Amino acid sequence: MATTASYGLGEFTFPRGWFMVARSTDIGKVPVALRMLGRDLVLYRGQSGRAVLLDAYCPHMRAHFAAPQSDEAAAKRIEGDAIRCPYHAWRFGPDGRCDHVPYFDGPIPHAARVRAYPVEERFGCIFVWHDTEEGAPDYDLPSLPEWDDPQWLRGEYDDLGAIAVHPQEIIDNLGDTQHFGPIHGQRLVYFDTTFDGVIGRQRSGGGHETMAVGDSVMDVDAFYTGPGILVARYAGTTDAVQIVLHTPKEDGVTQIWHGLLTKARNSPPTAEDVAVQQGYHDVGLAAFSQDFEIWRTKEAAITILRLPTDGPFHRSRTWYRQFYNPRARAGDYQARADGVHATVGVAPHPSAQVAAE
Ligand code: FES
Ligand SMILES: [Fe+2]
């Protein structure tokens, strides 16, 4: 299995950034065991509604905080925003510190704590801030105003599961100009790739076999905010927002989710708009699956036999390295990746001022 070291990405096995760990609907009244970013974790919703993510093993005798129990017993272990361990009922706050032991009145040892992770819940997803250096978040999650707009309709996120592919192969998509025809049946009219700090953006326009009608041009603005969150806005036959979230589960194994929103034509939205949304969700998922099936079955491209007319893979790989190295050096990678990059032989976005490389 190709790992972070295989690609020579940097010092850290897992990248720095915001990553989805679960859908909001995945947690109810009982704590959930997760395996993400090479760690065993417990995720639960405190009684205030807040989502809490902790390392899974109790510092007392290493019980798993989400060890299987009846739902009733498990739900009772959540007190306020704290959780009790199932084994001897030590209680840990959302900051990971033990604040109560039912059978001990003395001072609680300093070591009675677990790592607690910064968590944000946005647009139906629970995100963790992961940083090997344990620093605070240095960028914000993307905003998605469509999520709260009643004109925009949505279905559930698809949980596509984990595949044995390193996320590097998914990030390569950012500069991949020449897969649009063979994989998506898309006739590209323009395409470019832009890097700006932690943002990696792909702009494309063209006909599309399944997502656009006839010869109409569908404009797609697809951008990563950090290494794991892709938001793609589609304008054309149907206005849509596609969300693809990927999170390293193990080194070389990646978990993927997919979501899609469409803008209703009528105000307020009608049953017909809901049907259009459902149909377009399926079409969007099918189009995404065309990429997904390639990733799922491919061998690792540790190096790419890149042609000048392929697209700026070298820039996207440099951009991606910023997340695998100490924050103090991220700017070096950004400086080498930043800018608008066109592909030889393909027009850039009409607004772009670039030289093909
Ligand atoms: S193992 Fe958690 S309280 Fe004992
Ligand atoms: Fe694709």
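**Close-up 1. Cysteines without a disulfide.** Buried means under 20% relative accessible area. In this predicted model, Cys-125 is buried, because its relative accessible area is 0%. Cys-98 is buried too, at 9%. A disulfide is a covalent bond between the sulfur atoms of two cysteines. The cut-off for counting one is a sulfur pair within 2.5 Å. For Cys-98, the closest cysteine sulfur belongs to Cys-58 and lies 7.5 Å away, so the two are too far apart for a bond. The disulfide count comes to zero.

**Close-up 2. The iron ion (ligand 2) and its protein donors.** NE2 of His-179, NE2 of His-184 and two OD donors from Asp-291 lie 2.2 to 2.4 Å from the ion. The four donor atoms make angles of 56 to 140°. The site is irregular. Along the sequence, the donor residues follow the spacing H-x4-H-x106-D. His-179 sits in the loop between α3 (167–171) and α4 (180–184), while Asp-291 belongs to helix α5 (residues 271–297), so this pair ties together parts 112 residues apart in sequence. Both His-179 and Asp-291 are buried.

**Close-up 3. Pro-86 and its surroundings.** Pro-86 is located in the loop that runs between β6 (82–84) and β7 (91–92). Pro-86 counts as partly exposed because its relative accessibility is 26%. Leaving aside neighbours within four places in sequence, Pro-86 is in contact with His-64, Phe-65, Ala-67, Gln-69 and Arg-77. Cys-58, the residue named in the first close-up as the partner closest to Cys-98 by sulfur, is 28 residues from Pro-86 in sequence. Their C-alpha atoms are 9.4 Å apart.

**Close-up 4. The two faces of helix α7.** Helix α7 spans residues 327–337. Its buried residues include Ala-330, Tyr-333, Gln-334 and Ala-337. These four cover an arc of only 105° around the axis, so they are on the same side of α7. Ala-328 and Ala-335 are exposed, on the face turned away from the buried side.

**Close-up 5. Packing partners of α7 and the residue that follows.** What do the buried residues of α7 pack against? Their partners are β13 (187–196), α6 (313–321) and β19 (339–342). Gly-339 comes just after α7 and takes a positive phi of about 125°.

Definitions and conventions:
Residues numbered from 1 in each chain as written. Chains lettered and ligands numbered in written order. Predicted model: local features only at pLDDT ≥ 70, side-chain atom pairs only at ≥ 80, totals over all residues. Heavy atoms only, no water. Donors = N, O, S within 2.8 Å, 3.2 Å for Na, K, Ca; no water. Tetrahedral: all angles 85-135°; square planar, octahedral: opposite > 155°, others 65-115°. Buried < 20%, exposed > 50% of the residue type's maximum accessible area, 1.4 Å probe, protein only. Contact = heavy atoms within 4.5 Å. Arc of directions from axis to C-beta.
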